[in-house]
Amino acid sequence: MNAWANIRTIAKRELSAYFASPVAYVVIVIFLLLTGFFTFMLGGFFERGEASLVSFFLWHPWLYLFLVPAVGMRLWSEERRQGTMELLLTMPITPWQAIVGKFLASWLFLAIALALTFPIACTVNYLGSPDNGVIFGSYVGSLLLAGSYLAVSSMTSAMTRNQVISFIISVVICFLLILVGYPPVTTFLYHTLGFGQWFVETVASFSVMTHFEGFQKGILDSRDLIFFLSIMVFALFTTGVIIRGHRAG
Amino acid sequence: MITVQNLAKTFGTKRAVDGISFSVERGEVLGFLGPNGAGKSTTMRMITGFIPPSGGTVSVGGFDMEENPIPAKRLIGYLPENAPAYTDMTVHGFLSFAAEIRGLRGEAKQKAVNRVVEMCFLEAVLHQSVDTLSKGYRHRTCFAQSIIHDPDVLILDEPTDGLDPNQKHEVRTLIRKMGEKKAIIFSTHILEEVDAVCSRAIIIDRGKIVANGTPQQLRQKSDWAGAVTLRVNGINGSALNQKLSQLSTVKKVVVLKEEATSVTARIFPKTGGPNAAPSGALAQSIADAAQGWRIEELHTEEGRLDDVFRNITMPDTVKEETK
C-alpha cells in the first residue's frame, strides 16, 4: 500500500511536470496532426472504401518512433542534469518505485494523447459500421507499443544527462525493434541473403511490428501481450541497473 | 543518532573517502570542514544513502543504511550541495510533493508546508515557479524541503552557500535552534560559521579526519593560542623585545609594527600549546614588566580557526614554502 502511494506521488509530480511546460501540448498537437495526415493522405482512409481504422493504426510504430522518445527523453536525464536525482533517491522510497512512477506518468501522458484521437473512431462509426472490437484491440496494441518504446526511452534517458543523446539512442533502438520485423527487411534476409526460414522468423519475432499486427486484426494473443510487457519489464529493470551504476560511481 | 564507521569510497583509483569514523548524537551540531575535494560531499552522500560506500557502515537512528535504507531515510532531512529543486514546479507544489513523499497527507501536509514556508520566509514566492527564483530563495526552498517532516537527523551540504549576510544569519540561527533537538551535520567553508553554530567540528582532508573537537579545542591548536598582543607607547621595538624576553613566562617576542608613537608586538608564552599555564599569567607578567610604559592595548589571543584550518589542511610542500 505504501509502495503504491509512493508511486502515485511520483507519477502525479511527473505528470504535472509535463503539463507545466508547453512541450506537452506541442507534442500532443503534433501527434494529432501527424496521425491525421498519415491516415488520410498516405493511408488512403477514404480510398480504401472500408469502415476500418487500418490506415490509422498502420502508422503508429513509425509515429511513435519519434514522438515517444521525445516524451521519454527527459525522464532521468533531466533529474541528473538538475541534480534532483539526489533529492529523489534520498527520499524514503525505493529506486524502482521512482522508476515505475515516472514511467507510468509518461505512459499516461501518451495514453491521453492517444485518447484524443477519438474523433477518428467516431468518424468511422458515423460513415459505416466498423468492427469496434478490432478498433478497441488496436488501441490496446497501440498503447502497449507506446509503453514499450517508452520503457526503452526511460532506459536511454538514464544513460546520459543529455536529452538529445538520450533521444537519438532511443530512436535507434526502437528503429531496430521495427526493422527486424519489417517485411522488406525480412524478405531481404530470406531471399537475398538466403537465411533459413526459422532464422528469419526468430529475428522477426523480436520485432514490435510482428506483435502489433495481431492487435490490428483484433486478436488479443497472450504471446503478443507478453512480448510487449517483457520489453517494458526488461527496459525498466535495465533503467534500475543503470541508475544504480551511476550511484556506485 | 548517526554512527559512521570506517566509511570509505573509491572512485576509480581515487580514494575520495578513506576510513572515516564518527558519531553524532541528538542535540549536537557537527560542523564538517575541509578544503574543496576533501570528501565532505561524498561522505554526506553516503550518510544519506545516495551513493553506496565502498567500505564501512552508516547507521542512522539504529537502522543500517545499506540493509535497511527506507526507515533510515525516513529519519533524515537532506539539503544537497547546490540546492537542487524541480524547476518546473511552483514552490508550493514542490513542498507539497516533498511532504507527500514523506507520507504526509491532507491536513498534516498543509500544516507542514505552512510551517516551513513560515520558517524559511517563503510566503512572497509561494506560487512562483522554482525556475524564476533567485539563488537565495531557491536555496531556502530546498532547505524547507529538508525540514518539512521535522526530521530527527539533518544533513546540510553548505546550507549558507550563496546567501546574503542577512539570510546567512537567519539560516544559522535556524540551525542552532533546531540543533537543540536534532542531530545535525553541516558542511561549510566559512569558519566563522563553525563558531556561530557548531557544538563540535570535524576537519577532513584528503578523505581522512585530521581534527575533531569543539571549536574551542580546535582553536587552541593554533600557534597563536595563548599569545598576547601588546601595543605600547614610549619605548622602541628592540628595547621592548629585550625587556620582555627576559621574563620567565615568555618564549618569543615578535615585533609586528613599529611606528613613531607606538610599538605593536606579539608575545608567545613559554608553555605554549594546549597545556598552557592559566592564560592570564602571561598577560599579568607582561603588565607587571610594563611599568612606566603607556599600554594602549593588551589582550590574550584565543587562536584563530582559519589558522588551524590552514595549518592542518595545507599540503606539506606548500607549508614549507610559506615558511
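**Exercise 1. State which residues are linked with D88(B) in a network of salt bridges, and how many salt bridges cross the interface.**

Step 1. The network links R13(A), E14(A), R74(A), E79(A), K102(A) and D88(B). A salt bridge here is a side-chain nitrogen of Lys or Arg within 4 Å of a carboxyl oxygen of Asp or Glu. The structure is a predicted model, in which local features need pLDDT of at least 70 and side-chain atom pairs count only at pLDDT 80 or more, while totals for chains, interfaces and linings use all residues. Residues are numbered from 1 along each chain as its sequence is written, chains are lettered from A and ligands numbered from 1 in the order in which they are written, and side-chain values use heavy atoms, with hydrogens and water left out.

Step 2. Between chain A and chain B the rule finds 4 salt bridges. One pair that meets this way is E86(A) with R45(B), at 2.9 Å from N to O.

Step 3. Over all chains, the count of salt bridges is 20.

**Exercise 2. Describe the contact between chain A and chain B: how many residues does each chain give, and what area is buried?**

Step 1. Chain A contributes 27 residues and chain B 27 residues, where contact means heavy atoms within 4.5 Å.

Step 2. About 2500 Å² is buried between the two chains, 60% of it on carbon and sulfur atoms. Buried area is the accessible area (1.4 Å probe) that two parts lose on being put together, summed over both. On the chain A side, R13(A), E86(A) and P92(A) lose the most area to chain B, together 26% of what that side buries.

Step 3. Polar contacts across the interface come to 9 residue pairs, with both residues at pLDDT 80 or more. Such a contact is a pair of N or O atoms within 3.5 Å; within protein, one must be able to donate a hydrogen and the other to accept it, and residues adjacent in sequence count only if both atoms are side-chain atoms.

Step 4. On chain A, the elements giving two or more residues to this side are helix 1 (2-20), helix 5 (74-82), helix 6 (84-88) and helix 14 (222-248). Helices (H or I, at least four residues) and strands (E, at least two) are DSSP runs, numbered from the N terminus. Helix 1 of chain A gives the most, with 9 residues.

**Exercise 3. Identify the parts of chain B that the salt bridge of K208(B) and D18(B) ties together.**

Step 1. The side chains of K208(B) and D18(B) meet at 3.1 Å, N to O.

Step 2. K208(B) lies in strand 10 (residues 208-213) and D18(B) in strand 2 (residues 14-24) of chain B, so the pair ties together parts 190 residues apart in sequence.

Step 3. K208(B) is partly exposed at 43% relative accessibility, and D18(B) is partly exposed at 22%. Buried means under 20% relative accessible area, exposed over 50%, and partly exposed in between (1.4 Å probe, protein chains only).

Step 4. A second pair in chain B is D152(B) with R26(B), at 3.5 Å from N to O. D152(B) sits in the loop between helix 5 (135-146) and strand 7 (153-157), R26(B) in the loop between strand 2 and strand 3 (29-33), 126 residues apart.

**Exercise 4. Is R223(A) buried or exposed?**

Step 1. R223(A) forms a salt bridge with D221(A), the closest N and O atoms being 3.0 Å apart.

Step 2. R223(A) has a relative accessible area of 61% and is exposed, whereas D221(A), at 21%, counts as partly exposed.
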